[in-house]
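Colleague: I should be grateful for a close look at one helix of this model and at what surrounds it. Please set out which side of the helix is covered and what lies beyond its end.

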Amino acid sequence: MEDIRREALRWALTNALEHKGQANANAVLGKLVAELPEWRSKISELSEIVEQVIAEVNAWPREEQLFQSMKVGPAKRPKPERRGLPDLPDIDKYPMVITRFAPNPNGPLHIGHVRAALLSHEYARRYKGKFILRFEDTNPENTLLEMYELIKRDLRWLGLSWDEEHAQSDRLELYYSYAERLIKEGKVYVCTCEVEEFRKLRDCGASCPCRELPAEEHLSRWEQMLAGDIAKGEAVVRIKTDLKHPNPAVRDWPALRSVMKPHPRAGERYSAWPLYNFSAAIDDHEMGITHVIRGKEHEVNEERQRFLYDHFGWRYPTAVQYGRLAMPGVVLSKTQTMRAIKSGELAGHDDVRLATIAALRRRGFVPEAIKQLILDVGLTPVDSSLSWETLYAYNRKFVDDLANRYFFVANPVKLLVRGAPRLKEARLRLHPSRPESGERILPLEWDGDALVFHLSNEDVAGLKEGQLFRLKDLMNVKLTAKRRVLEAEFHSLEVAEVPKLHWVSGGAVEVDVIKPDNTTARGLAEPAVSELQPGMIVQFERYGFVRVDAVRPKLVVVYGHR
Ligand SMILES: [Zn+2]
């Protein structure tokens with residue numbers, strides 16, 4: 001009961017201070033019931049307490065109210081609960097939620113692309129619906145055969161599974177039949193105007209000479225397109241829209257065109273190919289997509305597609321749009337990426353300078369971290385920007401627990417220590433907070449009466465002669481000579497408040513580290529790294545998390561982040 005009185009006092013004071021010293025009983029009661037739902041059944045009892053407390057509080061001068069408020073603290077305001085993604089709209093309109101991810105196999109997936117994939121997949125699973133993977137490969141000029149498998153590999157790696165898989169290049173007959181139907185119904189036309197000519201007319205809201213020709217003429221032009229008798233750029237099938245539409249880009253948009261180049265999957269079978277809006281709109285309907293989850297840059301496409309849906313008398317799916325996600329300083333454009341790969345500027349789709357899924361995987365990002373980050377960004381409609389630091393922070397949460405620790409020194413400098421006890425090795429834990437993972441052995445190399453170590457030259461730069469420092473987890477030594485080969489004398493074993501340096505001694509293994517700017521750092525690691533396998537993520541202590549890229553002929557790791 002005292003607890004209740006105190007809570008009532010807290011709310012009464014907060015409310016009084018916000019309302020010229022006079023708390024309102026109903027407001028305070030409302031707050032209390034929201035906070036303590038178990039009191040809902042004893043409302044009259046609660047209301048009595050509240051009224052007593054309020055009578056007291058309202059009688060106090062403001063100074064007293066302030067003083068008491070400081071004593072009991074401000075009322076707890078229940079935080080708005082943020083439990084993952086919001087619910088999808090229109091759920092009760094459909095018997096089942098069906099979402100899709102529709103990549104164009106013209107380049108590798110990057111972190112921005114997988115947002116649509118992860119969100120669509122997440123919702124399909126949340127509502128026990130269906131998730132469809134659809135390759136939008138109707139441009140023979142930029143479709144890349146190797147991308148189908150690469151994209152699927154990336155999606156599987158992210159933990160996605162799909163209930164259906166389609167490639168639009170398998171579905172041309174379907175698009176043709178819809179095109180033909182629309183030609184016959186006079187809702188589309190085959191335009192043979194010069195593009196510039198058409199644009200001029202379109203921009204002032206006028207129809208081109210083709211638009212009003214009879215359906216027979218368009219059918220015959222269409223037959224020629226199908227037969228490959230019309231070259232690229234000489235004819236295009238246009239959807240009739242509102243020629244006065246405020247956005248000229250929406251007016252009579254192109255739906256199909258002639259393309260002579262063979263398609264990597266379909267070969268030379270077809271010479272008329274649908275453009276994005278036509279095939280995507282038809283497929284969304286045909287596949288029963290209920291929710292289209294996508295970036296808001298698709299808004300104009302939705303406007304275009306709605307004209308097509310109206311021609312067919314179909315219902316447009318529920319569109320759920322989110323804001324842009326930019327990554328400053330990172331090339332995200334697929335076209336630019338592919339151009340740079342072709343010219344040799346980038347080593348491939350998994351070049352460490354990229355933010356492709358393949359590059360992130362290579363740098364030791366784990367799928368859980370990427371998924372968590374994307375789901376946290378969620379459906380926010382505002383444009384946001386993503387920094388490498390944010391990506392690192394998410395990944396660190398996952399890999400810190402998973403990665404074994406090893407000593408590594410970049411650009412090694414030799415150190416001789418004299419006067420040390422005749423130790424043979426150091427035994428250290430593979431993971432600081434997971435003793436069950438076991439130990440690693442760091443053998444100590446002796447050269448006569450001197451212990452031989454290698455230190456990182458970056459660490460050494462900060463040392464002065466006469467300075468005491470600790471060879472981490474081993475011993476304290478005092479630097480006696482700072483020359484090409486450093487010399488030091490043994491000082492003590494117990495942990496001391498001196499700089500701690502990582503070291504490598506006997507059996508050191510040469511390692512190449514591929515850095516995020518694609519340069520290579522060379523160094524030495526402790527011998528236990530020879531047990532690592534490609535794909536393993538480990539931490540080189542105080543250096544960073546790395547992922548093993550290759551073990552032969554030499555150990556090569558890719559740097560992830562600190
Ligand atoms: Zn025309």
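Modeller: The account below begins with helix H7 and then moves on to the zinc site and to a second helix for comparison. Please bear in mind that the model is predicted.

Helix H7 comprises residues 172–184, 13 residues in total. From its first C-alpha to its last it reaches 18 Å, close to the 18 Å expected at 1.5 Å a residue. Seven names make up its buried set: Leu172, Tyr175, Tyr176, Tyr178, Ala179, Leu182 and Ile183. These residues cover an arc of only 165° around the axis, and they therefore sit on the same side of H7. The underlying rule is a general one: an α-helix has 3.6 residues a turn, so residues three or four places apart point the same way. The face turned away from the buried side carries Glu173 and Lys184, which are exposed.

The buried residues of H7 pack against several elements. The helices among these partners are H9 (215–227), H10 (276–286) and H11 (299–312). The strands are E4 (188–191), E6 (254–258) and E7 (272–274). Just after H7, Gly186 adopts a positive phi of about 75°.

Strand E4, one of the partners of H7, leads to the metal site, since Cys191 lies in this strand. The zinc ion has as its protein donors the SG atoms of Cys191, Cys193, Cys208 and Cys210, at 2.3 to 2.4 Å. The angles among the four donor atoms run from 101 to 119°, and the site is tetrahedral. Along the sequence the donor residues follow the spacing C-x1-C-x14-C-x1-C. Cys208 belongs to the loop between helix H8 (195–203) and H9, so the pair Cys191 and Cys208 ties together parts that are 17 residues apart in sequence. Cys191 counts as buried because its relative accessibility is 1%, and Cys208 is likewise buried, with a relative accessible area of 3%. Helix H9, which borders the loop of Cys208, is also one of the elements against which the buried residues of H7 pack.

Helix H12 (residues 334–342) may be read in the same manner. Its buried residues are Lys334, Thr337, Met338 and Ala340. Seen down the axis, they fall within an arc of 160°, so they line one face of H12. On the other side of H12, Thr335, Arg339 and Lys342 are exposed. The cover over the buried residues of H12 includes helix H5 (113–126) and helix H6. At the N-terminal end of H12, Ser333 acts as a cap, with a side-chain oxygen 3.4 Å from the backbone nitrogen of Thr335. Just after H12, Gly344 has a positive phi of about 90°.

Helix H6, part of the cover of H12, spans residues 145–157 and contains Asp154. Asp154 is buried, with a relative accessible area of 4%. The side chain of Asp154 makes a polar contact of 2.9 Å with that of Arg361. Beyond residues up to four places away in sequence, Asp154 touches Leu109, Ile357, Ala358 and Arg361.

Terms used. Residues numbered from 1 in each chain as written. Predicted model: local features only at pLDDT ≥ 70, side-chain atom pairs only at ≥ 80, totals over all residues. Heavy atoms only, no water. Helix = DSSP H or I, 4+ residues; strand = E, 2+ residues; numbered from the N terminus. Expected span 1.5 Å × (residues − 1). Buried < 20%, exposed > 50% of the residue type's maximum accessible area, 1.4 Å probe, protein only. Arc of directions from axis to C-beta. Contact = heavy atoms within 4.5 Å. Donors = N, O, S within 2.8 Å, 3.2 Å for Na, K, Ca; no water. Tetrahedral: all angles 85-135°; square planar, octahedral: opposite > 155°, others 65-115°. Polar contact = N/O pair within 3.5 Å; in protein donor to acceptor, adjacent residues only side chain to side chain.
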